[in-house]
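Work through the following exercises with the sequence and the model open. Each task is followed by a solution in steps.

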Amino acid sequence: MANTRKNYIESQKKKRHKARVRRLTITVIAGVVCLVGTGAYLFSNRFHIVDVSLEGVARTSREDVDLYLAEWLGQKKWGIIPVRSYWLLSRSDLSQGLASAFPTIEHAEVVKEFPHALKVSVKEYAGWGVLCRTNADECFWIDRAGVAFEPAPAGFSGIIVPKITDERDRTVVFREQQLSGEMMRLITFFNERAPQDPRIQSVEFTIARTDETIRVKTRAGWEILMLEKTDPGYVWQNLETALAGEIKDDISRLEYVDLRFGNKIFYKFRE
């Protein structure tokens, strides 16, 4: 009698265990099916980026940017899921990719609009001046901060935009500042004021190879010698003092004005 009861209890335990295992198996299978179904739905064509708009492109080739975007969206993550999936597309990665691929692009803002639209707004570097290297006989566009971003025509005259010739032996790297902040402030200051002064007018800038001297060539051909780390306003005041003094009546014979020694002004006339 006792054995029969014991066997019955063991039998009921096994049945309950099997029932739990069956329920657990069904729950796991149902969960997997649900996850697979949800994943298949979320990563289906319904949520793929297909409408792409591009704004702000001027210097950069629109055709090249469109091709880049198409190739980017054509990639697959882990070799399975398309990158064009709304849920998978990384705005920061695409923004950084555009800036790296196109030196003329300073920044790209990427906005996703649910469920399948993408807006790309590009900010390009503004071409403020031209930087030329004498060691490589090549020129590059730079912005107001001195960042180089695009090749410029060789032999640029510098009449329309500032021209800076760098005689130092350096290599230009796109998207990096090529000229110091002090140098750009000095060059910008003189470039903005020169056209207003009939004695100076348009100017070209040359950075000497051996030191920090900046030579400013005026339209009349005479030069202004300055140091990189000099207060622009102070140097300009010294220049005006020199031009209004002994130089005034012989400016047509002037060869250079040297403003590298503080309030001591030196100048030389042509023979």
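**Exercise 1. Overall makeup**

Find what share of the contacts with a separation of 6 or more comes from residues 24 or more positions apart, then describe the makeup of the chain.

Solution. In this predicted model, residues 24 or more positions apart account for 52% of the contacts in the chain with a separation of 6 or more. Next, count the secondary structure: the chain has five helices and 14 strands. Last, take burial: of the 271 residues, 38% are buried.

**Exercise 2. The sheet of three strands**

State the strand order of the open sheet β1-β5-β4 and its type of pairing, and work out which strands have a free side.

Solution. Step one: the sheet is open, its three strands run in the order β1-β5-β4, and the pairing is mixed. Step two: β1 (51-55) and β4 (105-113) are the edge strands, each with a single partner, so one side of each has no neighbour in the sheet. Step three: from one strand to the next, the twist averages 15°. Step four: look at the pairing of β4 with β5 (residues 117-124), which is antiparallel and spans eight bridges. Within that pairing, Glu113 has Ala117 in β5 as its bridge partner.

**Exercise 3. Helices on the sheet**

Determine which strands are touched by helix α3, and which residues of α3 are buried.

Solution. Start with helix α2 (residues 62-73), which lies across β1 and β5 and runs at about 145° to β1. Helix α3 (residues 91-101) also packs on the sheet, where it touches β4 and β5. The direction of α3 makes about 150° with that of β4. Now list the buried residues of α3: Leu94, Ser95, Gly97, Leu98 and Ala99. These buried residues pack against α2, β4 and β5. As a check on the spacing, recall that an α-helix has 3.6 residues a turn, so residues three or four places apart point the same way.

**Exercise 4. A hairpin**

Describe the hairpin formed by β7 and β8, and decide whether β8 is enclosed.

Solution. First, the pairing: strand β7 (residues 138-142) and β8 are antiparallel, with four bridges. In this pairing, Phe140 stands opposite Pro151 of β8. Second, the turn: five residues lie between the strands, and among them Gly146 has a positive phi of about 85°. Third, burial, where the cut-off is under 20% relative accessible area: four of the five residues of β8 (residues 148-152) are buried, so the strand is largely enclosed by the rest of the structure.

**Exercise 5. A pair of helices**

Classify the packing of α4 and α5 by angle and handedness, then sort the contact residues by character.

Solution. Helix α4 (residues 181-193) packs on helix α5 (residues 232-244) at an angle of about 45°, and their axes are 9 Å apart. Angles under 35 degrees would count as roughly parallel and those from 65 to 115 as roughly perpendicular; α4 and α5 are therefore oblique to each other. The crossing of α4 past α5 is right-handed. On the α4 side the contact involves Arg185, Leu186, Phe189, Phe190 and Arg193, which meet Pro232, Gly233, Val235, Trp236 and Leu239 in α5. Sorted by character, the contact residues are seven nonpolar, one polar and two charged.

**Exercise 6. Asn191**

Locate Asn191 and list what it touches beyond four places in sequence.

Solution. Asn191 belongs to helix α4. Leaving out residues up to four places away in sequence, Asn191 touches Trp128, Pro162, Val203 and Phe205. For Val203, 12 residues apart from Asn191 along the chain, the separation of the C-alpha atoms is 6.8 Å.

Key:
Residues are numbered from 1 along each chain as its sequence is written. This is a predicted model: local features need pLDDT of at least 70, side-chain atom pairs count only at pLDDT 80 or more; totals for chains, interfaces and linings use all residues. Side-chain values use heavy atoms; hydrogens and water are left out. Buried means under 20% relative accessible area, exposed over 50%, partly exposed in between (1.4 Å probe, protein chains only). Helices (H or I, at least four residues) and strands (E, at least two) are DSSP runs, numbered from the N terminus. Two strands pair if DSSP finds at least two bridges between them. Axes are lines fitted to C-alpha atoms, for helices over the stretch in contact, and angles run from 0 to 180 degrees between N-to-C directions. Angles under 35 degrees count as roughly parallel, over 145 as roughly antiparallel, 65 to 115 as roughly perpendicular and the rest as oblique. A crossing is left-handed if the near helix is turned anticlockwise from the far one by less than a right angle, and right-handed if clockwise. Contact means heavy atoms within 4.5 Å. Ala, Val, Leu, Ile, Met, Phe, Trp, Tyr, Cys and Pro count as nonpolar, Asp, Glu, Lys and Arg as charged, and the others, Gly among them, as polar.
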